[in-house]
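Colleague: I have the model open and would love a close look at one part of it. Could you pick a region and take me through it slowly?

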Protein chains: 2
Amino acid sequence: MRHWFITADGSLKARWKKAFPNTAALTPDSLRGQVQLNDIVWLLTTVEEWSSLIDVATKQGAITVVMSYAADDREALKALDLGARGYVHTLAAPEVLKQVALVVANQGVWVGQALLAKVLGGSFKALQQRGERSTNHYSESLELLTEREMVVARAVAQGATNKEVARQLDITERTVKAHLSAIFRKLVVRDRLQLMLKLSTLTQ
Amino acid sequence: MRHWFITADGSLKARWKKAFPNTAALTPDSLRGQVQLNDIVWLLTTVEEWSSLIDVATKQGAITVVMSYAADDREALKALDLGARGYVHTLAAPEVLKQVALVVANQGVWVGQALLAKVLGGSFKALQQRGERSTNHYSESLELLTEREMVVARAVAQGATNKEVARQLDITERTVKAHLSAIFRKLVVRDRLQLMLKLSTLTQ
DNA sequence: CTATTTCATGTCCAACAGTACAATATTTAT
DNA sequence: ATAAATATTGTACTGTTGGACATGAAATAG
């Protein structure tokens, strides 16, 4: 089982070699005939080139993973729909690539956690034949927040401390706390970590 | 990390032991309190019992896989929607079970190929109009963490307090802090919020 | 014009988080 | 066998967080 990285110029990044010692880079043209059964093909080409490349690779029994700079759910779903078995960020660390390889090589599918929730939630409802529009109770609860609270919530969800938020917004730390208390009460979470989780399930 | 097979009578099939030497069978009642973080729970109960059992297992940080005789797509989606990470046939061979375990333990989701097509097809349409954004930047490695540290890191990334993690793992709060200090140092983050952010990108 | 909402700030305090010093037992590697 | 890594727990200390009391100004809705 070999790993092939398909890049426009056939270049091979060091971190890929670090992840998989027995690997090689290829240009899109030289893909056909090279790959074998259960090889893993990592595609770094443009969106336009996927379709045919995924097809070529899978026809030869290879497993395809699309790499992209844009962590775009729709793009990911398109790739998976076309036959790719994974969708991962281009700059993923060697350790992540290893995990992805492990999963896809074992018949699994690699998608982000956030995307997964959407996929399962969405499709489940789709199969249930429900005509209701996707009313995420989150957007409602988010609308409870005032403009200022929203800004604070976002900053905190990005990992900022109260002090940092205060500096960013040029207000005192006390005021940040006041906003946070209101946010916690409105969104029914106990602390900034739970807030982070709540926000991430919806804004990502 | 242990494997638990939940059956009505608490019986344990030979092929499960063959797949995972380090395993045990449980009845639905005895599930609570037994399983730990990152354990894998295989559910062989009736459909009616899933909901609560998946909930109990995941609340304790375990990964749930539903086993069923009926290869029913809708049943599978329901299981996954409830929080299960895999859906596999009850009579699956040991080799298959090992693969499933490998995939779900690495953040993957196990579903059949046929179901996958449906899921993606359905959700792709369902998700046509949603915007996305993302940020990815990391270099440090998850493999720097020991097994124990990994368990703590995941628990914290799910929003647990030190006290809660201590209770879950049946260790003192002080030990949790020790692990966390090691985690922070290794992953070069300053606190649990930054850890959360880092893990969410690493395991995306 | 008043009532309400939003935004800002203050002090006090208890709980939580994280580090700096440890120490000890077990397992793993050389 | 010895060294290194891992897992566990302890005390003491500092900084952060969030709630419980507040107050006051500006904007907005009725």
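Modeller: Happy to! A word on names before we start: helices and strands are DSSP runs, of at least four residues (H or I) for a helix and at least two (E) for a strand, numbered from the N terminus. Please also keep in mind that this is a predicted model.

Let's begin with α6 of chain B, residues 147-157, and work towards the DNA. Nine of the 11 residues in this helix are buried, so α6(B) is largely enclosed by the rest of the structure. The buried set runs from Glu149(B), Met150(B), Val151(B) and Val152(B) through Ala153(B), Arg154(B) and Ala155(B) to Val156(B) and Ala157(B). After the helix comes Gly159(B), which has a positive phi, near 100°.

In chain A, residues 147-157 form helix α7. What does α7(A) pack against, and at what angle? Its axis comes within 9 Å of the axis of α9(A), and the two cross at roughly 90°. With angles of 65 to 115 degrees counting as roughly perpendicular, that is why α7(A) and α9(A) are described in this way. On the α7(A) side, the contact uses Arg148(A), Glu149(A), Val152(A), Ala153(A) and Val156(A). Facing them from α9(A) are Val176(A), His179(A), Leu180(A), Ala182(A), Ile183(A) and Lys186(A). Seven of the residues in this contact are nonpolar, one is polar and three are charged. As background to such spacing, an α-helix has 3.6 residues a turn, so residues three or four places apart point the same way.

Now follow α9(A) to the DNA. It gives five residues to the surface near DNA strand D, the largest share. Strand D is surrounded by 18 residues, and the closest are Arg192(A), Thr146(B), Thr172(B), Arg174(B) and Thr175(B). Of the strand D atoms that come within 4 Å of the protein, 67% belong to sugar and phosphate. Three side chains illustrate contacts with phosphate oxygens of strand D: Thr175(B) places a polar atom 2.6 Å away, Ser181(A) places one at 2.8 Å, and Lys163(A) has an N or O atom at 3.0 Å. The elements that give two or more residues to this surface are α8 (162-169) and α9 (173-187) of chain A, together with α8 (173-187) of chain B. By class, the surface near strand D holds four nonpolar, seven polar and seven charged residues.

What about DNA strand C? Here 17 residues lie around the strand, and those that come nearest are Thr146(A), Thr172(A), Arg174(A), Thr175(A) and Arg192(B). Sugar and phosphate make up 63% of the strand C atoms that come within 4 Å of the protein. A polar backbone atom of Thr172(A) is 2.7 Å from a phosphate oxygen of strand C. His179(A), which we met in the contact with α7(A), has a side-chain N or O atom 3.0 Å from a phosphate oxygen of strand C. Arg174(B) reaches a base: an N or O atom of its side chain is 3.3 Å from a base nitrogen of strand C. The elements giving two or more residues to this surface are α9 of chain A, plus α7 (162-169) and α8 of chain B. The surface near strand C has three nonpolar, seven polar and seven charged residues.

To retrace the route in chain A, α9(A) crosses α7(A) at roughly 90° and also contributes to the surfaces near strand D and strand C.

Definitions and conventions
Residues are numbered from 1 along each chain as its sequence is written. Chains are lettered from A and ligands numbered from 1 in the order in which they are written. This is a predicted model: local features need pLDDT of at least 70, side-chain atom pairs count only at pLDDT 80 or more; totals for chains, interfaces and linings use all residues. Side-chain values use heavy atoms; hydrogens and water are left out. A residue is near a molecule or strand if one of its heavy atoms lies within 4 Å of it. A polar contact is a pair of N or O atoms within 3.5 Å; within protein, one must be able to donate a hydrogen and the other to accept it, and residues adjacent in sequence count only if both atoms are side-chain atoms. Ala, Val, Leu, Ile, Met, Phe, Trp, Tyr, Cys and Pro count as nonpolar, Asp, Glu, Lys and Arg as charged, and the others, Gly among them, as polar. Buried means under 20% relative accessible area, exposed over 50%, partly exposed in between (1.4 Å probe, protein chains only). Axes are lines fitted to C-alpha atoms, for helices over the stretch in contact, and angles run from 0 to 180 degrees between N-to-C directions. Angles under 35 degrees count as roughly parallel, over 145 as roughly antiparallel, 65 to 115 as roughly perpendicular and the rest as oblique. Contact means heavy atoms within 4.5 Å.
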